[in-house]
Amino acid sequence: MNSSSFLFQVPIMPEQASNFAFEVDLFYYFLTALTVVFTVAIALAALVFMIKYRRRSNGEVPEQIEGAMKLEIAWTVIPFLITMFIFAWGAKLYYQMYTDPKESLEIFITGKQWMWRAQHPDGQREINELHLPLGRRVKLTMTSEDVLHAYSIPAFRTKTDVVPGRYTTSWFTPTKTGTYHLFCAEYCGTQHSGMIGKIVVMEVADYQAWLRGAPRDATPAEAGQKLFTGLACNNCHLESDGGRGPALAGLFGTDQRLQDGSTVKVDETYLRESILNPGAKLAAGYQDDMPTFQGLVTEEQVAMIIAYIKSIGPRQPGRSAPGANPVTAPPSPAAPPQTATQTTGSGAATKSNQPK
Amino acid sequence: MASEAMNKTEGSVNYLNAATTVKSWLLTLDHKRIGLLYLFAISFFFALGGMFATLVRLELVTPQGDLMSAEMYNRAFTMHGVIMIFFFLIPSIPAVLGNFCIPLMLGTKDVAFPRLNLMSWYVFMIGASLMMYTLISGGIDTGWTFYPPYSSIYSNSQVTIAGVSIFITGFSSILTGLNFMVTIHTMRAPGLTWFRLPLFIWAHYATALIMVLGTPVIAITVLALAFERTLQIGIFDPKLGGDPVLFQHMFWFYSHPAVYIMILPSMGVVSELIANMTRKRIFGYAFVAFSSLAIAVFGFLVWGHHMFTTSQSMYTGAVFSLISYAVAIPSAIKIFNWTATIYKGSVSFDTPMIYALAFLGLFTIGGMTGLFLAALGLDIHLHDTYFVVAHFHYVMVGGAIIGYLGGLHYWWPKMTGRMYPEIWGRVSAVIIFIGFNLTFFPQFVMGYLGMPRRYYAYVPEFQVYHILSSAGASILAIGFVMPVIYLAYSLKYGERVGANPWMASGLEWQTPSPPPTENFTYQPVITHEPYEFEHVEEIKAARKAEEIQMA
């Protein structure tokens, strides 16, 4: 669908292009109908009363009515029940949007005044555009390099704030091919309204073709491994326990016991914090002697290091993804895309529902 | 100006002609004069805020940025929001109508602390002068929400000085709220028990509660922001070790209750208008009175509904959504009771009643669209779009400003001793109603389509809605200019009125218009509940006259 064809039409509703769109719209229609009913009822009642009981003589005092307990109870309880229904429906939808799907195409998004950068699991990068395959669950992990932004795709009915200093996530399944608007929805300064782009949903085959043609760097995990050795992380974080820092293989997704006796789930946010502010949540049994990497690595590099740590994931047999063999040499950047897909499909962020 | 008009007339000494020097106004301790001082100040800010709205609506007629630069546009919408909220809406009804009416309604000479009352005005003017300085020295471009780290580190505009201005202005609000609370507790006339109070007083009591408890939090928040900006203390910016979401919690902890500071007094006004224009006791008086307090209390517990997309925990979101629905119920109760009050009343079609009716319709839409935004899964799509813009303008303009204008017309004869021209009052009320709907209704549709807030340029498919909105805004502007002209005209040429031109029931109508400086020449003693029209002398006289005519 060509976005310029919008020009001379007057749309009323945005396109439904994700798994959430239909139900969000249904909810919206329901609330709109409710609003119309209540507003018309109130306005009509007020107008009819005004005309019917208009003042006919100057000295007139109408008969006084104190109130009516039954009516008060009725118009307290009925709206309350209606609002509880609305609450429950809204909460159910929120729960669906909030709960990360297990298997999904993971894409890393960085917001920066005033552009959106995206990195695909195979290393393809794009700016102010995001190409997606039809019918695949997609999970976006996002952060900002400067101020607050928000990644908003009206056709998908999704929007998530992009916050510096933390990761936020969002997921959806595109259900209709086409080109859709990408807006920054959180005010971010002078060119806020210029921080827009395109979401391109393609048939899976077209998407594969696009992946092959798109400019490609090393996958995030490969780049992360280079950084890991380049920044000398591997001097302390050895392949097995015994280094000055904890061994990282298989750590992701587990519960880490901390110095103060509490535990923390090892997720992206914890890893990011431990890279930038190592003393904040110190693993039990280790000294607070790791230097901070704040200012030495960009947000995208942090994400790459995390992608690498995730890729050296579970090594115990049975828990590992099929065919995972994280210590094999990464493919050369010139490797044919098929190989690249397979490698990342097993090792890096993308899981087994990657089309083969 | 007002006092000059009064001077030429015969008649007794009143608060306007008791002294006419500039000094007598600037050092007055009379709550009525202080109310008028606020009226001049906030009318100026309303006009200024309106000018910025005009700039915004003009720029948005075309999709591309053409009339002004992006920097200028961002300053225009920020100044519109900051001025309208902190320097018009928050002081509007409490500081003007509340100051003027509360002691009159309580049957007392003045507020509890008259000097503090005058000081509140000066504090407000100091804050306002700083905001004018902010404006002249370049303005601010952060949006009225001041979200860091943009506001604390990245913005090159006058954020610090604007923050200090809001910090100072907040004290004016706190002092006014404190004064009202003490006055209502301690200065009621003999016999004026809590359940004999007009609902205007109940609404202002609830408002004062929020002013006193909530305003210190915004003061702390802007101060923390100023410290981060000037001293690089890491509070909100993650680069300095802070948390930007912390700011949002602190900001909305005040700013959500603040919308109730703006709407509750308006609800109080509407209760007076409907009761007195239909000559009926408010249906379910106790429910309407307690719903004001319920709104004030629950209003403090819903701030998190501004942050559903900030990735706060799912359960936090659910709790805030649930309590937000709880706060919708008292508002609904009010709407139903007001509508029921009109039933079998003696309904006047004068301007104040037109405004009350407009309030009923517009506030219902404003409130109902709040249900959309409090719904977790739907707010994800609607957050930060024009749907939000439309919703809060329906509440703030359709609710707060409509109530303010209705109240201003209703008490105008009491304030000035002269009636405004009724026909112009009705015409302008209808023009405002039409212009308002044309301006903001299209924004609901545009918002659902995905048009984000605070966009200087936008994609062409939204243009139709922006043109409708800008056309509506120009009609709305005409509607707002008209009262300025005919109200000023009425100061000199308006028909003189007696103590009670509306044949209303309130205590304020039992003293001459305009009232003497000491409000009452006798000590009123209250023996009956509010809105008992059988006791109104003017109605008895009118009846007698009608009977004679019939005979």
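**Exercises on a two-chain model**

Strand E6 (residues 149-153) of chain A and E9(A) pair in the antiparallel sense over 2 bridges, where two strands count as paired if DSSP finds at least two bridges between them. Helices (H or I, at least four residues) and strands (E, at least two) are DSSP runs, numbered from the N terminus. The model is a predicted one, in which local features need pLDDT of at least 70 and side-chain atom pairs count only at pLDDT 80 or more, while totals for chains, interfaces and linings use all residues. Residues are numbered from 1 along each chain as its sequence is written, and chains are lettered from A and ligands numbered from 1 in the order in which they are written.

**Exercise 1. The surroundings of E9(A)**

Determine how many residues of strand E9 of chain A are buried, and identify the sheet that holds E9(A).

*Solution.*

Step 1. Strand E9 occupies residues 178-184 of chain A, and 5 of its 7 residues are buried, so that the strand is mostly covered; a residue is called buried if 20 or more other C-beta atoms, placed from the backbone, lie within 10 Å of its own, exposed if 12 or fewer do, and partly exposed in between.

Step 2. Towards E6(A), A:Tyr151 stands opposite A:Cys184 of E9(A). E9(A) also pairs in the antiparallel sense with strand E10 (residues 197-202) of chain A, over 5 bridges, and there A:Gly178 has A:Val201 as its bridge partner in E10(A).

Step 3. These strands belong to an open sheet of 5 strands in chain A, which has mixed pairing and the order E4-E10-E9-E6-E7. Its edge strands, each pairing on one side only, are E4 (129-133) and E7 (158-162) of chain A, and the twist averages 20° from one strand to the next. Helix H3(A) packs on this sheet, where it touches E4 and E10 of chain A, and its direction makes about 135° with that of E4(A); axes here are lines fitted to C-alpha atoms, for helices over the stretch in contact, and angles run from 0 to 180 degrees between N-to-C directions.

**Exercise 2. Another sheet of chain A**

Which strands are the edge strands of the open sheet with the order E3-E2-E1-E5-E8 in chain A?

*Solution.*

Step 1. This open sheet has 5 strands with mixed pairing. Strand E3 (125-127) and strand E8 (168-172) of chain A are the edge strands, since each pairs on one side only, and the average twist from one strand to the next is 25°.

Step 2. At the E3(A) edge, strand E2 (residues 115-119) of chain A runs antiparallel to E3(A), joined to it by 3 bridges, and A:Arg117 stands opposite A:Ile127 of E3(A).

**Exercise 3. The contact between the chains**

Which element gives the largest share of the side of chain A that touches chain B?

*Solution.*

Step 1. The contact joins 78 residues of chain A to 79 residues of chain B, two residues being in contact if their C-beta atoms, placed from the backbone, lie within 7 Å.

Step 2. On the chain A side, the elements that give two or more residues are helix H1 (21-52), helix H2 (69-98), E6, E7 and E9 of chain A. The largest share, 18 residues, comes from H2(A).

Step 3. By class, this side has 45 nonpolar, 21 polar and 12 charged residues, where Ala, Val, Leu, Ile, Met, Phe, Trp, Tyr, Cys and Pro count as nonpolar, Asp, Glu, Lys and Arg as charged, and the others, Gly among them, as polar.

**Exercise 4. Two helices of chain B**

Find the elements against which the buried residues of H16(B) pack, and then explain why B:Leu97 counts as buried.

*Solution.*

Step 1. Helix H16 (residues 463-493) of chain B has 31 residues and reaches 45 Å from its first C-alpha to its last, close to the 45 Å expected at 1.5 Å a residue; the expected span is 1.5 Å times one less than the number of residues.

Step 2. The buried residues of H16(B), among them B:Tyr465, B:Leu476, B:Phe480 and B:Leu487, pack against helix H3 (31-59), helix H14 (386-416), strand E1 (418-419) and helix H15 (422-449) of chain B.

Step 3. B:Leu97 lies in helix H4 (residues 70-106) of chain B, and B:Leu97 is buried because 27 other C-beta atoms lie within 10 Å. Not counting residues up to four places away in sequence, B:Leu97 touches B:Val269, B:Gly407 and B:Trp411. B:Val269 is 172 residues from B:Leu97 along the chain, yet their C-alpha atoms are separated by 8.8 Å.
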